[in-house]
Amino acid sequence: MQLKIYNSLTGEKEIFKPILDGNVGMYVCGPTVYSNVHLGNVRTFLSFDFIYRSLMHLGYKVRYVRNITDAGHLTDDGDVNNDRFVKQTRLEKLEPMEIVQKYTVDFHKVLEMFNFLPPNIEPTATGHIVEQIELTQKLIEKGFAYESNGSVYFDVLEYNRRGLNYGELSKRNIEELFANTRDLDGQGEKKNPQDFALWKKASPAHIMRWNSPWGEGFPGWHLECTAMSTKYLGETFDIHGGGMDLKFPHHECEIAQGKACNDAAPVNYWMHANMLTMNSQRMSKSTGNYILPMQLVTGENDFFEKSFHPSIVRFCFLQAHYRSVLDISNDAMIASEKGFIRLMEAVKVLNSITPNDEKQSAFSLEEWKNKAYDALTDDFNSPVLIAHLFEAVKYIFALNDGKETISTKDLEELKSTLNALIFDVLGLQTVEENNNEKLDQTLKVLIELRNQARKSKNFELSDQIRDKLLAEGIELKDGRDGTTYVLN
């Protein structure tokens, strides 16, 4: 089996050839921890958790690096007041590192809830200020950057003059980029409108600041990933991933920084996960079409009729290919829950199947297994993989009904393969039944039976139900609003 990966840089599926045979270096742009992680983030990170799991399952030794952006995330190079951390510190009246800690903890809790594997290394932007300053100095020395009024900018026009191509990832034309640039405040510091900040001079009110050769300031957003990815994975590494929204300008800038610094392309395979929509509309706080991951799990929202276990949410997300737009809705979640329950029932049923070595089955396990792995190695095609899993589910229920047979050897191989694909690769978990909910429904039935007994003056049965429940630690309480219970 040959693993094929869609490379965003070339726009084609390519046979994956790691730099070091059997090893993979993978860097994924992590969260900017100034607010709660949202469902779109979860979709992106889940895509790369699935890819990480798949690579390991296919036998690769993976070094997975996913950063934490905890400084320097400017939405506009021309205005330091657009630093997201500065804005949030003012809103919440907290120190920047309190904001960072609060939302980093939230990020880890949410990802743990959805059964994500942690990366091998999780570096932070503030932990690599020295490396970012060193890179900036190197870019200045090589003539790709310049200092202006205490800030340092990457010279995009100079980069292109030297035969390099700013815009190669996003397929943007440099002349069009210059023509369409808005006249922003602070643009006077730049030689060219499309130049981007490597280091920004801190205003007197800016809290996050560090000493540098150009005065007190803080790093630009794009430089941190170049600093951290090259430190832990080398000047050229295998895979760089992130959301589709990061392709331009963030990843475009990373390519330029890497090539300018090291005279080599920083990444061999660029991978981008597509966006998440809800009810066929973009998720946005401003339109109200928005919920947090925890609200989907608890059911505390106005969009879904019930709560959904994190593993069911994960299963729903994996039914779309990572490069496709994923739309979630109440109907989609209900359908995913039904599919998930059937899949898990099949896993349980398989453990009770008795093999038959005398009869030949019409189901070819080898053919099914090849199709499943063809899907996995075809750019990590999770929806096709899941479709093949349900072919096995159909076969398992046919076995249970006595309509099919399976040999001892095939039974063990089917169990092993299913468990590996469902739990190790897809990262799904079994859902424990909600015993409290079942208890509540059962007691409602018993209370109704007791009420009927009392109405028909069958006090012996009524008292018997009450006393039996009390003996089990469940006390019934009769009141004006009906009968309730408490657990003793």
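Lys285 is exposed in this predicted model, since its relative accessible area is 60% and the cut-off for exposed is over 50%. The residue sits in a loop, with strand E12 (281-282) on one side and helix H9 (293-298) on the other. An unreviewed UniProt entry assigns the feature "binding site" to Lys285; such annotations may be inferred rather than shown by experiment.

The UniProt record also marks a stretch of chain. Residues 31-41 carry the annotation "short sequence motif: 'HIGH' region", again from an unreviewed entry. In the model, 27% of this stretch is helix and 0% is strand. The C-alpha atoms at the ends of residues 31-41 lie 8 Å apart.

Thr483 offers a contrast to Lys285 in its accessibility. Thr483 has a relative accessibility of 18% and therefore counts as buried, the limit being under 20%. This threonine belongs to strand E15, which covers residues 482-487. What does Thr483 touch, leaving aside residues up to four places away in sequence? Its contacts are Ile447, Arg450, Asn451, Arg454, Leu476, Lys477 and Asp478. With one of these, Asp478, the side chain of Thr483 also makes a side-chain polar contact of 2.7 Å.

Helix H7 can be checked for length. The helix runs over residues 221-233, 13 residues in total, and at 1.5 Å a residue it should span 18 Å. The end C-alpha atoms are 19 Å apart, so the model agrees with the expected span. Is H7 mostly covered or mostly open? It is mostly covered, with 10 of its 13 residues buried. The buried set begins with a run of residues, Trp221, His222, Leu223, Glu224, Cys225, Thr226, Ala227, Met228 and Ser229, and is completed by Leu233. An α-helix has 3.6 residues a turn, so residues three or four places apart point the same way. Directly after H7 comes Gly234, whose phi is positive, at about 100°.

Another glycine with positive phi is found in a hairpin toward the start of the numbering. Strand E1 (residues 4-7) and strand E2 (residues 12-15) run antiparallel and are joined by four bridges. Which residue of E2 is the bridge partner of Ile5? The partner is Glu14. Four residues lie between the two strands of this hairpin, and Gly11 there has a positive phi near 75°.

Definitions and conventions. Residues numbered from 1 in each chain as written. Predicted model: local features only at pLDDT ≥ 70, side-chain atom pairs only at ≥ 80, totals over all residues. Heavy atoms only, no water. Buried < 20%, exposed > 50% of the residue type's maximum accessible area, 1.4 Å probe, protein only. Polar contact = N/O pair within 3.5 Å; in protein donor to acceptor, adjacent residues only side chain to side chain. Contact = heavy atoms within 4.5 Å. Expected span 1.5 Å × (residues − 1). Pairing = 2+ DSSP bridges.
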